[in-house]
Amino acid sequence: MHVRTFALLIVTLGLSPATLAQQTITNSEFQVRLSTAGVTSLKHVHDKYDTDYIASGEALGDVIIRYRTPGDRDWKLASAARIDGDHPAGSSAATYTIGTAMPTIATSSHASASVTSPAVFALNDKIVPRNSQDMGVPRFVWNGRKATTEWVEYDFPAPEKVWSAQVYWAEDKNPDAPCKLPKSWRVLYRDGADWKEVNAANGYPVAADKFSDAAFQPVTTSALRIEAHLDGNATAGIFQWRVNGDAGDKINPTRDLQATETFQLQNNALLWTIS
């Protein structure tokens, strides 16, 4: 019998959950909520105070596994987990396949803005807040701007065909630095040296606590902008900006390393097994 040997390095991560329908497993001790990417909520039902042991907008499930096969000098990488279908009703376990995340237009883009801010990384970090006032999740804000027209931009590595944009707007009721939904927004695409507005037949909805989705006639371009007209008494901010509705929840399973993980409730423990 031929046995393949591997050198392995495993690091656990708390990364953004995909936003498909949540699933729940419970027993007399725990209440666990699962997404396609891992555990998004972990509560002990007998806590004196209602406490969630998973940070807002995060998931326990993604891991980094670096491995190499016999004869290889370079380390390979598996760094994302996705659930293996729906678990049956009443099931106490869920299994995930570990592979490599497929990039999206947004995650592959270079982000910039009309104000200099290191927080532009939040636009495409894939972390979705629980609501528009979720202060536990990174966000980009046009700090110090009011009643102005501002923008954020994605520069693509190569021209892309795009047909929709989804923006999760931020709010903050801090009287010293209020952040409100913009009065309006629109999508622009780069055409040569010019910026032109897309043809969004149904306009640009502005909503709190969910993605505001604008569909438009497809264009092929090397860059896209969100242009926002800010409230006269407050700035505006963005938690997440997706392109073409892609949440980045797809993975490529590794071919030479079959890796899975399972979360299972067993009496007074949540067992986390990586195989």
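**Note on two loop residues and the nonpolar cores**

1. Ala 147 lies in the loop that separates strand 10 (140–141) from strand 11 (149–170); strands here are DSSP E runs of at least two residues and helices are H or I runs of at least four, both numbered from the N terminus. The model is predicted, local features need pLDDT of at least 70, side-chain atom pairs count only at pLDDT 80 or more, and totals for chains, interfaces and linings use all residues. Residues are numbered from 1 along each chain as its sequence is written, and side-chain values use heavy atoms, without hydrogens and water.

2. Although Ala 147 is not a glycine, its phi is positive, at about 55 degrees. Most residues other than glycine have a negative phi. Ala 147 is partly exposed, with a relative accessible area of 45% (buried is under 20%, exposed over 50%, partly exposed in between, with a 1.4 Å probe and protein chains only).

3. Asp 209, also not a glycine, has a positive phi of about 65 degrees. Its place is the loop between strand 13 (194–197) and strand 14 (212–229), and its relative accessibility of 45% counts as partly exposed.

4. The largest nonpolar core (buried Ala, Val, Leu, Ile, Met, Phe, Trp, Tyr and Cys residues joined through side-chain atoms within 4.5 Å) has 34 residues. Those with the most contacts inside it include Phe 140, Trp 142 and Trp 241. Strand 11 gives the most to this core, with 7 residues.

5. Phe 140 is in contact (heavy atoms within 4.5 Å) with residues including Val 152, Ala 236 and Ile 238, leaving aside those up to four places away in sequence.
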